[in-house]
Every structure is written in structure tokens, then in C-alpha cells.
Amino acid sequence: MTSRRSLPKARLPRTTAVATLLTTALAAGLLSGAGSATAADAVAGEVRIHDIQGSTRLSPLAGQQVADVAGVVTGVRTYGSKGFWFQDPKGDGNPATSEGIFVFTSSNPTVAPGDAVQVSGTVTEYVPGGAASGNQSLTQLSKATVTVLSSGNAIPAPVTVSARTVPSRYAPAGDPAAGGSINARPLEPRRYALDLYESLEGVNVRVGTSRVVGATDAHAELWVTVKPHENGNRRGGTVYGSYDAQNTGRLQIQQLAPLAQQPFPKANVGDVLSGGASGPLDFNQYGGYTIAANTLGKVVDRGLERERTRAQGRGELAVATYNVENLDPTDPQEKFDALAKAVVDNLASPDIIALEEIQDDNGAKNDGTVTAAATVRKFTDAIAAAGGPSYAWTSIDPQDNKDGGEPGGNIRQVFLHNPARVSLTHRAGGDATTATGVVREKGRAALTLSPGRVDPSNTAWENSRKPLAAEFRFRGEPVIVVANHFGSKGGDEALTSHHQPPVRSSEARRLQQAQTVNGFVKDVLKADRRAKVLVLGDINDFEFSATTKALTAGGALNAAVKSLPRSERYSYVFQGNTQVLDQILTSPAIDDFAYDSVHINAEFADQNSDHDPQVLRLRP
């Protein structure tokens, strides 16, 4: 899975030109249900923050000018989306209306926490990522003039967000008449978690001592849960086990202090943020509801260790999949060495490894290079230097810029195999555009090309990685292995989308890809129902998804990750949810196996890849 963004700040800088205002989104229906009758009454008299916020996700005053809105400054941000939050210390007693709001200033604000201010400006609804992202909007004041009345005032006490206050239900169902949007629904903060967070948008909040469920990342943020018993596992994560298990207690934590002034704490999953955090509740593109912390506790290291799988026995074939995250020769030797050490020490040198995201010999330089021999050689040399076997390798070069991923990088799947234990049955002729087929040979299923690509001209693989199939022999028994890297989840709406359920637009492509691979496996089983087939790789989808159901349709394959306890099923951590993306699936003849998701990356602040490798040991 490729990097999700490039700027190391809490939010991408924005200007009025790029801000998505709901006043301009009326034509797109984003403001459906936002009334204006009460707005006219409110503007005629005193306007307070709760009048601006209203009791739905959209301000009843959107697009209108307001004057002399009073409150106390609770937080100031001097980087990224610059501005400040202020809050009405009195309030209206309505739990559905927020008493805090963000003021977008574009330049460094000239106020400080504790300043009593009056703010005049335009009420706008900013959609992080744009209206097409499906994200909820952030109610704010822009083009503001600010009058400081006094300084050194008490900041409104933070509202505690805890397991007791956050509802167990995540979100209401969207209105079909509004395209599935919940924007116009009155907030029910005692019934739905998303409604609670929205009712606190811009408010000074706090979480107490909390467990870390998403490690510190390169953008100086981490995730905690205020619900320690919500879908937890033994390593400290919060497991995303179904589309209805969104994990309501997750919140992202950032800090308002610049990193040069105050380094952000490094934490792994399972660590504890002792003392918690407090600050205004923001909403951003990269995680939704986020505490912009004025005060941040200390991380208590709980000593999470990287797992090691056991070595395969003499009669066991060990097969692994590992996404090595855009590996190319320009990466530092340290990355190659770390990945190699993991293969040897943590994966116990599997007999066959399917690698995803191997880039060409000059990485992202877009000059027509498609070969990857230098990339693979540098990696296999590092494995040998780490005490591992001298792996042989096989792959097929893609057409230039036809397989997606980073432009110029030409990522592809590569098989490594240990020739001391496994042999490749080589059948020449495979290339980027020629499909391998299946024939019956001496009573067994055999590939016409090995290595070969699976149906590469199928539109399911347009601008996406084509499956790589190869036939191996272990102790005289043939095993067909298909390495995959399905289409990414790019374009899917976040769990915090204003559409509920969120739109998963990328799923359609992966469904087509899964159906194609399933059809290929069925061709193998038609030639030999006893054939041993392994389909593995970065499937980019969950074990409960339509993608996995399509792969296993007709009993052609079994998702081996389901042999693990539910709490152990994960290979990736995204926004505090531990979840499955990488899988190994087995044909029916493989009924004696041991499966291991080896947790060495996804839970850690220091990662060699963002994926955890998977290992399956079988007895042919």
C-alpha cells in the first residue's frame, strides 16, 4: 500500500481557493436539509457559537456574515491550517449544539489561549479533501476580524470523552433521499458516537490515560481508544472485524505545539498515553475527529516485541507473502538489511516468498526502465548476508507504467525460492501480455507458462498489478502459487464520512480481480481437483469483504487467515483499526497447515514496511 500523503503536518495548508465551502456545494446537494429560517432570526439579534453550529452537521448560518461572536480562545495553531479555536463558556445547555468553533486565519493568529474575544466573519463549511471525498465538513469562521477584550481568562474546562460517554453505536443510517447522507439529521449525541463527536466539534475536550491503538507516524500523530475492552487483542490493538465494528472509542491525537518546540512522543500499539490529552476537537482529512492537544501526557512503553514465527519442519513447505513497500536500489542499504533480517529472523527463511511492491532498477525515475534485477539482487544479497539462504528468484517485467503504483516505479510481484528445498518448474514464454493457461499433464494440473501472468489483458487489471503464477515442486509434489497485489482502497470514503455507510468505490475493481483469480483457480481444479494451489499477496481487502467472498466462491479457495482467532486476524493498522489486507488462500487439497500473521511492522512507530508478512506451513 503506498504512502497516503506527503506533507508532514497535521493538515495540508489551504487557502480560500482550495477550501471547499458548503455555500458553493449547494448545487451538489451537500447542503440538503440545511435550513435558513432560524438563521435569519439568529443574525437579527445576538449570535452565539451554538447558533452557528446548530443541531445538525451543517450550520444554519452557512454563507452568512456574523458579528461580535463572543468566547474565550482555547487553542492556537500556527502551522498547516492556521487559526484558533474559541468557545462560549456559558453555553445553551443543549447537548446537540457545540459551544466551540475554529477561526481560519491563513496567517499566524495574533491571539493566545485565555484571550476573551469577539469575532466577526463569514460562516463557512470546509470539507477536508473536497466534497468528492465524502468527508464531513468543519464549521468555521473565515475572513474574520478579531477583537481581544481581555487576556489571562480561564479556559473553559475540557469535556471528558470516555468509555462512559461514547455510545456503542457508531452512526445513524444515512437518508436515502439525500444520497445516504446524515448531514441533515438532528444530532443524537447520546445514541451515536459520530453524533457525540460532532456535537463537540471545536470544543475543548480531554481523554484520560488511554491505550495506544495506532502507532506514532511520520506526520506526528497517534491513535488511542477510550474503550479499552472494545474489540481488543492481546497485543493492544483494536480489531476491525466487520463493517459494523468501527470501534467507536478511537480518536486521533495531534499536538498544537510545533515539533521544533516540542517533539511528538513515539508510541507503539499497546503503549499507554499516561495522563491522556486535552485540546480542541478538530476534524481533518486524515482521520476525522482529532484532538488538537494543548496538553499531552507521557507515553509509557509496554514493551511490544516483534514476533518470530517458528521454523518449518523438514516435511513442511513454508510459503510467505510480504509487501516490502516500494523497494528499489535507491533505498538506503539499511532498509534492505532490515527487511532481510526480518526474513531470516522473524519469518524463519520461508521456502517460497511472494514479494509485493518490488520497483524497477531505478525506482520512481520515469525513464522507461522496467527491469528489476538490481532491486532483487540487492535484496537477496542482503538476505544471504543476514544468514539466510541464497534465494533464487523469478518474475515478469511489466509494461512501462501499466501496472499502477508510483509513476515510473513499475511495481510488480516477485517470487523468491530456496533452491536447496524447492525447485521452480520453468516453462518459458511468459511476458507482460501473454496469459498462462492450465493443462492436464500426467494426471496433474500444470501451467503452460511458469512464471506466467493470469489473464493480463482482462480489464480488471487495467493500471493494476497482474497476478504472477508459478509452479514449484517440494519433495516431488507440485504446488501452484499465485502472487497478487489487488487494487488499493484509494477513493473509498472514510468511516467518518457523511454517507453512512460510507461509499467503498474501490471495491468494484477488487471484486473483478477476485473473480478473475477465482476463475483461474477453478481451471486448475478442473484439470486436477487434488491440485495444491496457494493464492496470496496484498489483497487490499478484509477477510469478511466481498473480495474475499469472490476469491473463495464455489469452494475454490479457503481464506487461511480465518483459521486464526478473530482477535489475531490482521496485517495492517489504519487509523487505529487493526485489520486484514494481506492474505494467503488455499485450495481444498491443502487441509493440513499452520498459519501465522507475523506482527513485525504495522503496530510499530519504526517500520520497515507498513504491512505485516504472512506465513503458511503445509504438508504436501
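These are my notebook entries on a predicted model, taken one topic at a time.

**Ground rules.** I number residues from 1 along each chain as its sequence is written, and I keep to heavy atoms for side-chain values, leaving out hydrogens and water. Since the model is predicted, I accept local features only at pLDDT of at least 70 and side-chain atom pairs only at pLDDT 80 or more, while totals for chains, interfaces and linings use all residues.

**Helix α5.** I looked up α5, which covers residues 373-385 (helices are DSSP runs of H or I of at least four residues, strands are runs of E of at least two, and both are numbered from the N terminus). Its 13 residues should span 18 Å at 1.5 Å a residue (the expected span is 1.5 Å times one less than the number of residues), and the end C-alpha atoms are indeed 18 Å apart. I then listed its buried residues, which are Thr375, Val376, Phe379, Thr380, Ala382 and Ile383 (buried means under 20% relative accessible area, exposed over 50%, partly exposed in between, with a 1.4 Å probe and protein chains only). These residues cover an arc of only 155° around the axis (taken from the directions from the helix axis to the C-beta atoms), so they sit on the same side of α5. They pack against β14 (317-327), α4 (333-346), β15 (352-358), β16 (392-394) and β17 (412-417), where contact means heavy atoms within 4.5 Å.

**Helix α4.** I checked α4 in the same way: 14 residues should span 20 Å at 1.5 Å a residue, and the 19 Å between the end C-alpha atoms agrees with this. Among the buried residues of α4 are Phe336, Leu339 and Val343, and the elements that cover its buried residues include β14, β15 and α5.

**His50.** I found His50 in helix α2 (residues 49-53), where it counts as buried because its relative accessibility is 8%. Its side chain makes a polar contact of 2.9 Å with the side chain of Glu99 (a pair of N or O atoms within 3.5 Å; within protein, one must be able to donate a hydrogen and the other to accept it, and residues adjacent in sequence count only if both atoms are side-chain atoms). Leaving aside neighbours within four places in sequence, His50 is also in contact with residues including Asp88, Gly91 and Thr97.

**Asp528.** I placed Asp528 in the loop between α6 (507-527) and β24 (533-538), and at 5% relative accessibility this residue counts as buried. A polar atom of its side chain lies 3.0 Å from the backbone nitrogen of Arg530. Not counting residues up to four places away in sequence, Asp528 touches Arg440, Gly443, Arg444 and Ala445.

**Backbone exceptions.** I kept in mind that most residues other than glycine have a negative phi, and that most peptide bonds are trans. Glu357, although not a glycine, has a positive phi of about 65°; this residue lies in strand β15 and counts as buried at 1% relative accessibility. Gln575 also has a positive phi, near 50°, and lies in the loop between β26 (572-574) and β27 (577-579). I noted a cis peptide bond from Ser450 to Pro451, with omega near 5°, and a cis bond joining Gln500 and Pro501, with omega about 5°. Pro451 is in the loop between β20 (444-447) and β21 (452-453), whereas Pro501 is in the loop between β23 (477-485) and α6.
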